[in-house]
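Hi,

Here is the structure for your files. My notes follow below.

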Amino acid sequence: MSNHILENSHGPLKRTPQARYFVDSEYFKTEMQQWFADRWVYVGRADELPNPGDYILRTIAGESILITRGNDSKIRSFFNICTHRGTVLVESENTPTRACQFSCPYHSWTFDCQGHLIGAPGMKDVDGFREQDWGLRPIDCEIWAGFIFLNLKQNPPPLAEFLADLPEKFSNWPIEEMRIGERVEYHVQANWKLIIQNYSECLHCPSVHPALARLSPPTSGENEPANLCYAGGRMSLNEGIASMTTSGSTNRPLISSLSESQKRHVYYYSWLPNLLLSLHPDYVMTHRIEPLTNNQTRIVCEWLFEKSTMASPGFQSEDAVAFWDMTNKQDWHVSELTQRGLSSSAYRPGPYSNREELLYDLDQILLPKED
Amino acid sequence: MSNHILENSHGPLKRTPQARYFVDSEYFKTEMQQWFADRWVYVGRADELPNPGDYILRTIAGESILITRGNDSKIRSFFNICTHRGTVLVESENTPTRACQFSCPYHSWTFDCQGHLIGAPGMKDVDGFREQDWGLRPIDCEIWAGFIFLNLKQNPPPLAEFLADLPEKFSNWPIEEMRIGERVEYHVQANWKLIIQNYSECLHCPSVHPALARLSPPTSGENEPANLCYAGGRMSLNEGIASMTTSGSTNRPLISSLSESQKRHVYYYSWLPNLLLSLHPDYVMTHRIEPLTNNQTRIVCEWLFEKSTMASPGFQSEDAVAFWDMTNKQDWHVSELTQRGLSSSAYRPGPYSNREELLYDLDQILLPKED
Amino acid sequence: MSNHILENSHGPLKRTPQARYFVDSEYFKTEMQQWFADRWVYVGRADELPNPGDYILRTIAGESILITRGNDSKIRSFFNICTHRGTVLVESENTPTRACQFSCPYHSWTFDCQGHLIGAPGMKDVDGFREQDWGLRPIDCEIWAGFIFLNLKQNPPPLAEFLADLPEKFSNWPIEEMRIGERVEYHVQANWKLIIQNYSECLHCPSVHPALARLSPPTSGENEPANLCYAGGRMSLNEGIASMTTSGSTNRPLISSLSESQKRHVYYYSWLPNLLLSLHPDYVMTHRIEPLTNNQTRIVCEWLFEKSTMASPGFQSEDAVAFWDMTNKQDWHVSELTQRGLSSSAYRPGPYSNREELLYDLDQILLPKED
């Protein structure tokens with residue numbers, strides 16, 4: 001088929017990407033290596049494993065990963081397979097474990113929560129075998145503001161380089177001291193980059209999110225230019241609106257360390273590749289994005305609150321959770337329709353409006369240079 | 001394994017095709033391009049969208065297609081994706097639309113039912129953007145006898161060349177004036193060409209269709225030689241049988257314009273690639289064939305009746321529908337068993353009988369020349 | 001990722017195989033050809049088809065296979081497709097057939113239970129067609145001790161070469177005269193070789209099978225060196241334990257022809273590629289292994305008893321069946337966890353203990369030589 005639409009078009013239009021970056025399963029493997037196996041990725045909150053011996057399981061780029069808190073309180077990360085025969089070591093987050101020990105279900109090789117092999121039945125008499133050679137394979141792990149990040153690469157650069165100026169920018173929010181109040185998981189039939197694109201513009205808000213548009217003006221977005229580490233900006237709250245909730249009001253105290261301006265805006269930042277960070281006057285929302293295939297994505301959404309707020313008698317999170325759960329589902333739906341449309345041979349890159357500028361910037365960062 | 005069966009065989013036997021044309025998913029892509037993307041294909045009846053603003057959705061060669069009736073009453077066809085970000089424009093045939101307008105669920109780009117872009121929020125201030133450049137991508141569309149045909153190719157040859165002499169042959173049936181009385185959809189685990197093969201011989205009728213054999217003699221088939229456009233012929237009705245129904249009788253009037261001979265036969269024609277047209281003395285049955293994969297096919301069967309017949313008080317279609325629904329299912333079952341057997345490494349082309357001559361002819365047309 | 005674990009390791013450790021032999025679907029095709037299409041494989045018991053005209057269906061390397069007992073009482077095997085159009089001839093083991101005749105459901109071509117074509121409607125007048133050219137395609141078939149084996153290869157070497165000295169070794173068990181008392185089928189998400197590995201060591205017994213360890217000492221295994229045809233050995237029964245059952249006792253008579261030593265042991269042999277043979281003092285258990293994909297395996301477990309035992313009034317098999325059904329499921333579970341772990345990029349060949357010596361031997365036989 002000819003490109004007659006393109007041929008008829010004029011002017012310096014910025015255009016949407018080629019479809020193959022969203023529909024090609026081979027390209028998906030390439031970008032998983034580049035953006036998930038060779039980069040720092042977000043995996044969870046430190047408060048999910050408060051005590052020595054606690055652990056969580058995650059999947060990154062298809063790998064099952066075990067994240068533990070050691071007896072020294074340090075958080076560490078390992079590939080979740082036994083070094084004996086390769087068996088999955090911990091089956092699920094519900095698997096009971098003894099204090100700081102993980103025992104393989106097959107031959108009972110046992111590792112402590114620092115990853116050392118401390119028991120290997122039948123190996124004592126094996127010539128050349130030394131327990132210290134067969135610990136769990138470690139993965140680099142760093143923490144900022146209570147967010148745990150992993151890097152599957154050997155000897156990765158420090159996480160700080162990839163946080164850029166976000167810590168400074170968000171220093172008024174006591175994120176490290178905040179705790180998860182609620183979690184909702186989603187399975188979306190769309191490429192992970194469509195989720196980031198969807199998060200990065202509010203041109204769709206009037207048609208897709210009428211309730212959101214009543215709380216925050218869709219045209220109020222003030223974006224920063226995207227960079228290699230993150231993209232985002234802020235939107236203002238309407239007069240009389242205290243936060244993004246079903247009612248527009250909140251019975252939670254606003255975070256006291258925020259400036260007056262920060263109390264009148266919501267801050268939306270995509271930390272690349274997989275953390276969407278939404279800072280509200282009275283809570284923080286995170287989306288953790290886990291690409292499964294080129295057209296399937298698992299998304300874990302969590303709502304964080306101040307410890308003191310959660311401890312107060314009247315605490316509830318439902319007004320924030322219900323509002324964003326509805327909004328999330330609206331976003332996943334149009335993202336899925338876009339994924340379906342991108343697989344058409346009739347798709348041609350379309351024109352971006354000025355209010356989709358962040359998407360164009362993100363395309364330059366996330367996608368290969370076209371010749 | 002050796003071909004010892006073939007080696008032992010003698011004589012000028014006409015043989016069934018190589019298995020790969022039915023089991024190879026790469027070959028399926030090739031033939032989808034040749035027979036569905038580069039040819040006229042049948043997609044539905046004009047009476048499915050009687051009024052301006054009405055629309056239907058179809059899938060051809062994996063593409064979602066929107067077929068509309070414009071304010072000028074003309075039927076048109078478009079790829080069903082928004083020219084902005086590629087989102088699927090109309091989600092399903094149940095999607096409510098405003099009068100002759102299709103609005104994209106993502107950013108509300110709006111198209112009229114002639115395909116023109118008539119609204120694009122946020123695009124007014126974009127340098128170089130002109131609404132007239134971004135209409136829906138059109139697809140060529142022609143109608144014969146109320147049957148709508150599409151061609152995904154740019155500047156295709158006229159449909160008339162592919163109808164050949166069928167319009168003349170069927171001129172005694174008032175097909176254009178007939179209306180859909182019933183529709184049944186099937187999902188068959190067999191290659192689409194096995195469906196056409198099955199339709200093109202009645203050697204299987206005694207074993208597979210004992211009820212059919214009581215209405216119409218399995219050996220009564222008179223076929224024309226197949227050509228590039230169609231293959232078919234006719235079978236006679238037994239003495240005392242009025243039409244193909246559960247009872248063999250019908251309370252519907254026979255179509256008055258038919259000749260006496262036409263009233264005593266049923267005419268079975270495969271219009272290539274995807275319309276099976278079965279003309280009875282009192283109704284017309286169509287099968288629309290939609291290949292999904294090399295071994296999965298969606299089939300939509302419809303029964304058409306004269307408008308006057310449908311308007312009469314005692315009208316019912318059940319005797320025709322139940323008879324062919326039973327017969328269809330018998331055919332799909334043996335087609336599925338054949339699809340399964342063709343995937344065996346032990347399959348070798350077998351001998352056609354003289355009563356499968358049309359299959360051999362169709363093989364020459366539908367399949368590549370073997371060296 | 002670097003191989004730092006391996007680099008730190010010393011000594012003459014025998015190691016587990018590379019993961020690709022278990023997770024690579026291309027390698028699976030290679031080994032299906034080598035071990036299932038070009039070798040003798042076990043398919044069932046002769047007592048499953050006791051009378052002329054009886055038949056069973058099996059799937060080997062994706063091929064549907066028909067095994068029949070002819071009017072001459074001889075057991076034969078054929079590809080289960082009609083030589084006319086390739087249709088699957090017998091749909092399921094529940095398909096009713098006339099005495100020693102198989103009639104194709106499509107065009108009624110009919111074959112006798114020796115594979116000859118004896119009826120082909122509409123073919124009489126076809127020039128060059130001779131019924132004797134179009135019999136079912138035969139497969140070589142041999143029987144030992146009531147076990148039926150097939151070989152898809154043309155002109156295969158005799159089965160006896162692959163049985164090696166097993167017939168002599170097991171001559172005290174009247175296997176040919178024994179009959180199937182119970183059958184249980186399993187679908188396991190693991191490579192077929194992991195099933196054989198699991199069967200070939202009892203290092204896992206203390207952690208995986210506490211009940212088994214109470215009947216038979218996990219360290220009592222005495223293995224023979226593996227050879228190209230089989231691998232196995234025996235384990236002793238604990239004092240006071242009569243057989244492997246839920247209670248450790250049995251009300252079935254011990255097989256009288258066994259030696260005293262044979263009555264105090266259980267014999268576990270893997271006949272390559274797909275028969276696990278477990279000989280007990282009072283019954284024989286078999287596992288038939290049917291690889292479906294690189295990570296899916298169907299397993300049919302059967303319990304054989306002496307005819308006289310089965311005919312006795314108080315006969316029951318539940319104590320043996322329930323014990324091994326529980327044990328089987330424990331084994332499949334750890335095999336599935338190992339399959340999952342082997343797909344990790346972090347997997348490195350681990351060290352075998354001395355009690356896994358048979359696995360190392362089997363690796364040398366089942367897997368290609370690594371350079």
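The contact between chain A and chain C takes 27 residues from chain A and 30 from chain C; two residues are in contact if their C-beta atoms, placed from the backbone, lie within 7 Å. On the chain A side, ten residues are nonpolar, ten polar and seven charged. Here Ala, Val, Leu, Ile, Met, Phe, Trp, Tyr, Cys and Pro count as nonpolar, Asp, Glu, Lys and Arg as charged, and the others, Gly among them, as polar.

Bear in mind that this is a predicted model: local features need pLDDT of at least 70, side-chain atom pairs count only at pLDDT 80 or more, and totals for chains, interfaces and linings use all residues. Residues are numbered from 1 along each chain as its sequence is written, with chains lettered from A and ligands numbered from 1 in the order in which they are written.

Symmetry next. A turn of 120 degrees and a shift of 0.2 Å along the axis lay chain A on chain B with an RMSD of 0.1 Å. The two copies are thus related as by a three-fold rotation axis. The superposition is by least squares on the C-alpha atoms of residues with pLDDT of at least 70 in both.

Now the domains. An automatic or database assignment splits chain A into domain 1 (40-160) and domain 2 (168-366). Their C-alpha centres lie 32 Å apart. Eight residues of domain 1 and ten of domain 2 make the contact. The domain 1 side has three nonpolar, two polar and three charged residues.

Best wishes
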